[in-house]
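Biologist: I am new to this structure and would like a close look at a single part of it. Please take me through the open sheet and whatever packs against it.

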Amino acid sequence: MTSIKRRLSLWLLGGLAVLWCAAGAGVYLSVRHSLHKSLDAALAVDARLARFTTRGDTTDDDNAPRGRGMRLQDRLADYHDPQGGSYFQTWNSNGEAIERSSSLGDMQLPALEVSGTDPVFTSGTLANGRPVRMMAFRTAASAAKGPGKGKGKGRPGSDSNLIVLAKDSAAAQQTLNSVLGGIGITGLLAACGTIFLVSIALRHGLRPLQILGEQTRSIDAPTLHARFDATTAPAELRPIYTALNELLHRLEQGFERERRFSADLAHEMRTPVAELKMLGEVALKWPDQADAELPAHTLAIASQLENLIEALLTLARLESGETALQLSTVDLSTLCHECLQPCADKVDAKQLDLRLRSAPGLSMETDARLLRIILTNLLTNAVEYAPESTRIEIELDAGSITIANAAPDLPQEDLPHLFDRFWRAEKSRSNSAHSGLGLALARQAAKAIGCRLDASLARGVLSFTLKKV
């Protein structure tokens, strides 16, 4: 399982390691550059002396050639001390070694490639393993003055000589090694400190998540009313706290609905089950005095239970989305007349005025079975609760169906509860013919066919409207 702490640790430690390595490399390269620059400056000073020597007068007063090697040795006297750590060597234009310092002994300096007048600086190692910093440059070979000519200055050319100066860089290398060792030790200490600090920082930084986890684990069904305090949470976790509080609110409402549903279901089934039990006990106790209406009464109670169970199963299937739609073209006017047939006797008994307004041939592409459930429940509800000698209006449009009936005794505060399971107005509590599931079933069926079922109450008229969403 992926760990946030582990991932953050790897990213932070990896990034800091790269930064530490880059910083250490920068320090090392900066110190090396400074040391090389210092050695290069000393070599440049000696190079000027060497250039001055090779460009000096080439003859004595008697026009006898002067020894250039002797003069170079005189100018660079410390280059002959074996312990001095300074070396030079000269090559003519043919690449032949013509002069070198005594400090070299039997060793040779490399003949570096030099193009143009710019000197070349590089590092190398002598045959004895000593590290050196070298400078190579070309200078004009000496030539005798011609008659009537003054002192001339040579320029590098085809007959130029190559001079390589070198200085021992062991001290600089030792300094670099010390710097490298210091960087390594410092880096090791810094790595240990960084690991410790990152661990502490992550532990404290992730502590709010641990607290959130502990609080979440402590919540169960009896404590769904508890809420997370987002005011003390870090800004990054406040959206999570808010979302969890909203989730707990929905869960609390869901659990409360389930509790009410269980209580209502027990209440609804207790009466018919008690009646069945009583009828059975009477039949067993007085078998010779059985009532002729007992079978019919028992069948009515069984039918009531069957309808209740069937409604519950249908509601459960609709809520879980397990009902597959079977689309067909439904004639709305014909379906409304079919749904009103079971209520015809009650309509006549209550002298209700039914008015159906619909365009000729109005139809809807939907699931006929689910639409029948919706209209049957809405029409049955209207016929059942409309006062005597009142009007029930049914209006069919291309995008909606509206059924309205008078409801003078229905208060506005009861309107949100009409679609709750097992909810019934107080006057109908004693009527066991109604389970209180009809409107809840109708709303779920409407949702299944992609419609919305709403109720409104205005001037004592209750209206149910079914619309496509």
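**The open sheet and its helices**

Modeller: This is a predicted model. A good place to start is one pair of strands: β7 and β9, the latter covering residues 391–396, run parallel to each other and are joined by six bridges. Within this pairing, Leu354 has Ile392 of β9 opposite to it.

The pair belongs to an open sheet of five strands, arranged in the order β7-β9-β10-β12-β11. The pairing across the sheet is mixed. The edges are formed by β7, residues 353–358, and β11, residues 451–458; each has a single partner strand, so one side of each is left without a neighbour in the sheet. On average, neighbouring strands are turned by 10° against each other when direction is ignored.

Two helices can be placed against these strands. Helix α7, made of residues 332–340, lies across β7, β9 and β10, with β10 spanning 400–406. The direction of α7 is at about 150° to β9. Helix α9, residues 368–385, also packs on the sheet, where it touches β9, β10, β11 and β12. Of these strands, β12 covers 461–468. The direction of α9 makes about 15° with that of β10.

To put the contacts together by strand: β9 and β10 are on the list for α7, and both are also touched by α9. The edge strand β7 is among those that α7 lies across, while the edge strand β11 is among those that α9 touches.

Methods
Residues numbered from 1 in each chain as written. Predicted model: local features only at pLDDT ≥ 70, side-chain atom pairs only at ≥ 80, totals over all residues. Heavy atoms only, no water. Pairing = 2+ DSSP bridges. Helix = DSSP H or I, 4+ residues; strand = E, 2+ residues; numbered from the N terminus. Axes fitted to C-alpha atoms, helices over the stretch in contact; angles between N-to-C directions. Contact = heavy atoms within 4.5 Å.
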